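Please open the predicted model in a viewer and keep the selection panel at hand. The tour below proceeds stop by stop, each with a selection to make and a description of what is there.

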There are 2 protein chains.
Amino acid sequence: MTPERGFPKAEFEQRLAVVQAAMATDDIDVLLLTQEHDIRYITGFMTPFWQSPTRPWFVVVPKSGLPKAVIPTIGREVMKRCFTDAVHCFAAPSNTDDGIALLGRVIADCAGPTPVLGMMIGAETKLMMPLMDMEVLIDAIGQPELVDATEILRSARMVKSPLEIAKLRHICGLASDVFNGMPEWVHIGQSLRSIFSEFKINALRSGIDDVSYLVGNAGQGGYDDIISPPGEDPIQSGDVLMLDTGCLWDGYFCDFDRNYGFGDVSGEALDAYELLWQATEDAITGLKPGMTSADLFGIMQSRLGATDDDVGRYGHGLGIQLTEPPSHIGWDDTVLTENMVLTLEPSLALSGGKMMVHEENILLTADGAELLSKRAAPQLPIIK
Amino acid sequence: MTPERGFPKAEFEQRLAVVQAAMATDDIDVLLLTQEHDIRYITGFMTPFWQSPTRPWFVVVPKSGLPKAVIPTIGREVMKRCFTDAVHCFAAPSNTDDGIALLGRVIADCAGPTPVLGMMIGAETKLMMPLMDMEVLIDAIGQPELVDATEILRSARMVKSPLEIAKLRHICGLASDVFNGMPEWVHIGQSLRSIFSEFKINALRSGIDDVSYLVGNAGQGGYDDIISPPGEDPIQSGDVLMLDTGCLWDGYFCDFDRNYGFGDVSGEALDAYELLWQATEDAITGLKPGMTSADLFGIMQSRLGATDDDVGRYGHGLGIQLTEPPSHIGWDDTVLTENMVLTLEPSLALSGGKMMVHEENILLTADGAELLSKRAAPQLPIIK
């Protein structure tokens, strides 16, 4: 059943309560957000206009009370419908001030002079405003202490609510069906570019909002890399094709892949597929709440042995972003808890510089992993 | 005719020569790039993997010699095929160092200790790495002087090469045909969400690589805003529908919109459409090389009068990004020269908080504007 779009106000109230409690613990007076996913998480502000790179967007979270938006005028009507109690607008683009003076005043109104300012400045963050404007802002609000607030939103966002899980389950189901239909239309002789296009069309037809992310590759007995743009070379007998997609429904991502073999595929590739499938199966059956990401990585590595590939990890968190913390890797000691949504993504280096990857999406429940993607076949599906 | 994909090496040599000449003028020892479009412009590195937000990517441009990539291992194979003479890779994600130590060494090797470091830190830029890592980097390379290099790439990228123009012409033509086919399938009773989906499917079928950007709205006699996500409300008689798309072909964007009326549309909306069309026509016929963006804005404003809408400008540059400098607005004195590709995008505020926009894409030649989009009809097309 298709979930409802959007979230009730109570969802945002709960998110805000968690974030403000963490701000209090960290003695942060005011939190400044510039990234789309953070702003959307806190306010519900969703627009395809984020693709337009000209104008910066800001949301200010005070110690108590509702978030305040400081945004270009073009966003006023949409932001007014979001979880804020003030929508401050500036004329943009501007050659003198893209909202910084206004932003400084809003921060000062919330937190007084020289506040402790929290921002997302740690791992996996970007500063979605000009660095020069950041310097102007810091001067404007009296050289505040700048504190890394990355962990606050990271922790809050990592555990999903029931409504978020419903959206993630829905998009994973839709994308699974698109993958499962592939053998009906993909064929030897077809180019990767045509396959990408056909996949996107089928995804849109199935009710997916957008195919924001689609990577893939194909090659004899494995692929050279997993991030090339698609080319014109026709699929040949012996090729292994992999498509990895981040499809969106109501702003929530799936992120998993599927492999297909064509004609006569090398024994090495068939074996690698089974090994990757089995490593994923080990993770699905072995994962329990309380384990760490490193433990989960260890489960998969036990099956695969030490492999030297380029991906760097065996999966990650999933939600508003295609990739979210944690990372399933030896150093990540994040404790995995109920209601986290995760990818399992083991990879293998093969001979001749080839590689293969496999990926599923799961929800961690009290009992262990529940598949959100419809499980891939245990042997490489062959298209003749 | 479909242009060739990619660029020959000579194209990148020319771009690099222009950038390095500007670096010399500004006494910049080394340029550090973190944004996708800058990295792609200089090296040709193109991958849908940019949508994956975990890992940072760096390119270092020395005073002389080829660019050096400092990137996550996952990108090695693709970057090796690009315009660089060194691909330095780091294991990512990492909990201790996402490439900063390596980046520091590469910068020091290029430019010695305490160089003058150019970065894109001005208007319309983002810092696509954690701000905390930026501080670590600055320490690692001996507290260099940080210089704003925004203008260097802005100037270089604003004037398009013949091969870039061919790609832009191609995508504008493809998207025009998708729009021109709309009256055959769009109808009263259809939801905006269904219209968005159908538009994307038709675009993909036509040979467009991706519909990265699609915004639009519909309402009685005009729309409330132009950035809302699409909803389920059915189109009614009296509605004006606007779709604005940034479609991609080989990494180059179109950016224009089309309006359609349904059934009996208000006289105000019909008049507004004609006025916007005429303002665009004035710009197309009046624009000559040597005018500024402010002059171009003035041409359109003369037709429209002073209007108080929320868009903030009447068009902008176009290329690797959906929106590039300059901005057609009163303060932008950028001189418009041959081989710039621009949007013309006048907008009008109507009664009752409604608005309308219209947009075309042009190439500026020695003789004036040449349309890249196929010109919209002078009267609002009505779908019964």
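**Stop 1: a loop in chain B.** Select B:Asn339, which sits in the loop between E12 and strand E13 (341-344) of chain B. Its phi is positive, near 75°, in a residue other than glycine. Is B:Asn339 buried, partly exposed or exposed? It counts as partly exposed, because it has 16 C-beta neighbours inside 10 Å.

**Stop 2: two cis peptide bonds.** Remain in chain B and select B:Pro326, a residue of strand E12 (residues 324-327). The peptide bond from B:Pro325 to B:Pro326 is cis, with omega near 0°. Next, select B:Ala92 and B:Pro93, which are also joined by a cis peptide bond, with omega about 0°. B:Pro93 belongs to the loop between strand E4 (86-90) and helix H4 (100-111) of chain B.

**Stop 3: a buried strand residue.** Select B:Ile362 in strand E16 (residues 360-365) of chain B. This residue counts as buried because 24 other C-beta atoms lie within 10 Å. Now add B:Thr343 to the selection: B:Ile362 and B:Thr343 are 19 residues apart in sequence, yet their C-alpha atoms are 6.2 Å apart in space. Beyond four places in sequence, B:Ile362 is in contact with B:Ile284, B:Leu342, B:Leu344, B:Ala369, B:Glu370, B:Leu371 and B:Leu372.

**Stop 4: the nonpolar core.** Which residues have the most contacts inside the largest nonpolar core? They are A:Ile171 and B:Ile171, in a core of 234 residues. Select A:Ile171 and display its contacts outside the neighbours within four places in sequence: A:Ile208, A:Cys247, A:Leu248, A:Trp249, A:Tyr252, A:Phe253 and A:Cys254.

**Stop 5: helix H1 of chain A.** Select residues 9-25 of chain A, the 17 residues of helix H1. From first to last C-alpha the helix reaches 25 Å, close to the 24 Å expected at 1.5 Å a residue. Colour its buried residues, A:Arg15, A:Leu16, A:Val19 and A:Met23. Viewed down the axis of H1(A), these buried residues fall within an arc of 95°, so they line one face of the helix. The face turned away from that buried side carries the exposed residues A:Ala10, A:Glu13, A:Ala17, A:Ala21, A:Ala24 and A:Thr25. Among the elements covering the buried residues of H1(A) are helix H2 (36-43), strand E5 (116-119) and helix H6 (150-158) of chain A.

Proceed to A:Asp27, in the loop between H1 and E1 of chain A. A:Asp27 has a positive phi of about 55° although it is not a glycine. It counts as exposed because it has 11 C-beta neighbours inside 10 Å.

**Stop 6: helix H4 of chain A.** Select residues 100-111 of chain A, the 12 residues of helix H4. Its end C-alpha atoms are 16 Å apart, which agrees with the 16 Å span expected at 1.5 Å a residue. The buried residues of H4(A) are A:Ile100, A:Leu103, A:Val106, A:Ile107, A:Cys110 and A:Ala111. Seen along the axis of H4(A), they fall within an arc of 120°, so they line one face of the helix. Their cover includes strand E1 (30-33), strand E2 (58-62), strand E3 (68-72), strand E4 (86-90) and helix H5 (131-140) of chain A. After H4(A) comes A:Gly112, whose phi is positive, near 75°.

**Stop 7: helix H9 of chain A.** Select residues 267-286 of chain A, the 20 residues of helix H9. Its end C-alpha atoms are 28 Å apart, in agreement with the 28 Å expected at 1.5 Å a residue. Buried in H9(A) are A:Ala269, A:Ala272, A:Tyr273, A:Leu276, A:Trp277, A:Ala279, A:Thr280 and A:Ala283. These residues fall within an arc of 155° about the axis of H9(A), so they line one face of the helix. On the other side of H9(A), A:Gly267 and A:Thr285 are exposed.

**Stop 8: both chains together.** Display both chains. A rotation of 180° with 0.0 Å of shift along its axis superposes chain B on chain A, with an RMSD of 0.0 Å. The two copies are therefore related as by a two-fold rotation axis. The same surface serves both copies, since 100% of the contact residues of chain B recur in chain A.

How many residues does the contact take from each chain? It takes 58 from chain B and 59 from chain A. On the side of chain B that touches chain A, helix H3 (76-80), helix H5 (131-140), helix H8 (192-205) and strand E7 (210-220) of chain B each supply at least two residues. H8(B) provides the largest share of that side, 5 residues.

**Stop 9: confidence.** Finally, colour chain A by pLDDT: the average is 96, and 99% of the residues score at least 70. For the complex, the predictor gives an ipTM of 0.96 and a pTM of 0.97.

Technical notes:
Residues are numbered from 1 along each chain as its sequence is written. Chains are lettered from A and ligands numbered from 1 in the order in which they are written. This is a predicted model: local features need pLDDT of at least 70, side-chain atom pairs count only at pLDDT 80 or more; totals for chains, interfaces and linings use all residues. A nonpolar core is a set of buried Ala, Val, Leu, Ile, Met, Phe, Trp, Tyr and Cys residues joined through C-beta atoms within 7 Å. A residue is buried if 20 or more other C-beta atoms lie within 10 Å of its own, exposed if 12 or fewer, and partly exposed in between; C-beta atoms are placed from the backbone. Two residues are in contact if their C-beta atoms, placed from the backbone, lie within 7 Å. Copies are superposed by least squares on the C-alpha atoms of residues with pLDDT of at least 70 in both. Helices (H or I, at least four residues) and strands (E, at least two) are DSSP runs, numbered from the N terminus. The expected span of a helix is 1.5 Å times one less than its number of residues. The arc is that of the directions from the helix axis to the C-beta atoms. pLDDT is the predictor's confidence in each residue, from 0 to 100.
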